[in-house]
Amino acid sequence: MHELSMADAIVKTVIEAAEKNDAIEVLEVTVEIGQMTMLNPEQIMFMVEVLSEDTILQGAKFIMEEIPIEIECESCEFNGKIEFEGIDHYAPIINCPQCEGREISVTAGRECNVKNIKIEQREEDAQDS
């Protein structure tokens, strides 16, 4: 279950960033999850909330943004999004939707990033920044 290890990495990353910025509370976190990662955003959300208990993240709002798969085809020069439905979770094989070729490069959809963190700082810290 790679969702657990990814949720753990997200929590650790956000806590580290919050501590570096002298946060007293994390208000909101936006996470980008590419479709090609085959991660389940609902499972990630649940695990992040569980792992956040008794931390500076407890009670923070988590927003999961799904990033569609985009490709460039070397055969026909198609460049764009592809349908995710029907791609095998265990062995994803992607063909160009235009020419059915497999000479493609994935340009988006493999990422899993903490995109944005909103924090609250102590009054004196906020004024000094």
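Analyst: Ground rule before we start: a residue is buried under 20% relative accessible area, exposed over 50% and partly exposed in between (1.4 Å probe, protein chains only). We're looking at a predicted model, where local features need pLDDT of at least 70 and side-chain atom pairs pLDDT 80 or more, while totals for chains, interfaces and linings use all residues. Residues are numbered from 1 along each chain as its sequence is written, and side-chain values use heavy atoms, leaving out hydrogens and water.

User: Okay, so why is Glu 77 called exposed?

Analyst: Glu 77 has 68% relative accessibility, so it clears the exposed cut-off. You'll find Glu 77 in the loop between strand S3 (70–73) and strand S4 (79–81). Helices and strands here are DSSP runs numbered from the N terminus, with helices (H or I) having at least four residues and strands (E) at least two.

User: What makes the phi of Glu 77 worth a look?

Analyst: Its sign. Most residues other than glycine have a negative phi. Glu 77 isn't a glycine, yet its phi is positive, at about 70 degrees. Met 38 is another non-glycine with a positive phi, near 60 degrees. Met 38 sits in the loop between S1 and H2.

User: Is Met 38 buried or exposed, and how do you know?

Analyst: Buried: the relative accessible area of Met 38 is 9%, so it falls below the buried cut-off.

User: And Glu 100, why does that one count as exposed?

Analyst: Glu 100 comes in at 51%, so it counts as exposed. It belongs to the loop between S4 and strand S5 (104–108). Its C-alpha is 9.4 Å from that of Ser 75, with the two positions 25 residues apart in sequence.

User: Then what makes Glu 28 buried, and where is it?

Analyst: Glu 28 is in strand S1 (residues 23–34). Its relative accessibility is 17%, so buried is the right word. Leaving aside residues up to four places away in sequence, Glu 28 touches Ala 60, Lys 61, Ile 63, Asn 116, Ile 117 and Lys 118; touching means a contact, with heavy atoms within 4.5 Å.

User: How do you know that Val 14 and Ile 15 are buried?

Analyst: Val 14 has 0% relative accessibility, so it is buried, and Ile 15 gets the label at 17%. Val 14 is part of helix H1, and Ile 15 lies in H1 too.

User: Which residues do they touch beyond four places away in sequence?

Analyst: Val 14 touches Val 26, Val 29, Leu 57, Val 114 and Ile 117. Val 14 and Val 114 are 100 residues apart in sequence, but their C-alpha atoms are 7.6 Å apart. Ile 15 touches Thr 55, Ile 56 and Leu 57. The C-alpha of Ile 15 is also 8.5 Å from that of Val 26, eleven residues away along the chain.

User: Why are H1 and H2 called oblique?

Analyst: H1 (residues 2–20) and H2 (residues 41–52) pack at about 50 degrees, with axes 9 Å apart. Under 35 degrees would be roughly parallel, over 145 roughly antiparallel and 65 to 115 roughly perpendicular, with the rest oblique. So H1 and H2 are oblique to each other. (Axes are lines fitted to C-alpha atoms, for helices over the stretch in contact; angles run from 0 to 180 degrees between N-to-C directions.)

User: Which residues make that packing, and of what class are they?

Analyst: From H1, Glu 3, Leu 4, Met 6, Ala 7, Asp 8, Ile 10 and Val 11 meet Gln 43, Ile 44, Met 47, Val 48, Leu 51 and Ser 52 of H2. By class, that's nine nonpolar, two polar and two charged residues. Nonpolar covers Ala, Val, Leu, Ile, Met, Phe, Trp, Tyr, Cys and Pro, charged covers Asp, Glu, Lys and Arg, and the others, Gly among them, are polar.

User: Zooming out, what does the protein add up to?

Analyst: Three helices and six strands, running α-β-α-β-β-β-β-β-α from the N terminus. Of its 129 residues, 36% are buried. Among contacts between residues at least 6 apart in sequence, 76% join residues at least 24 apart.
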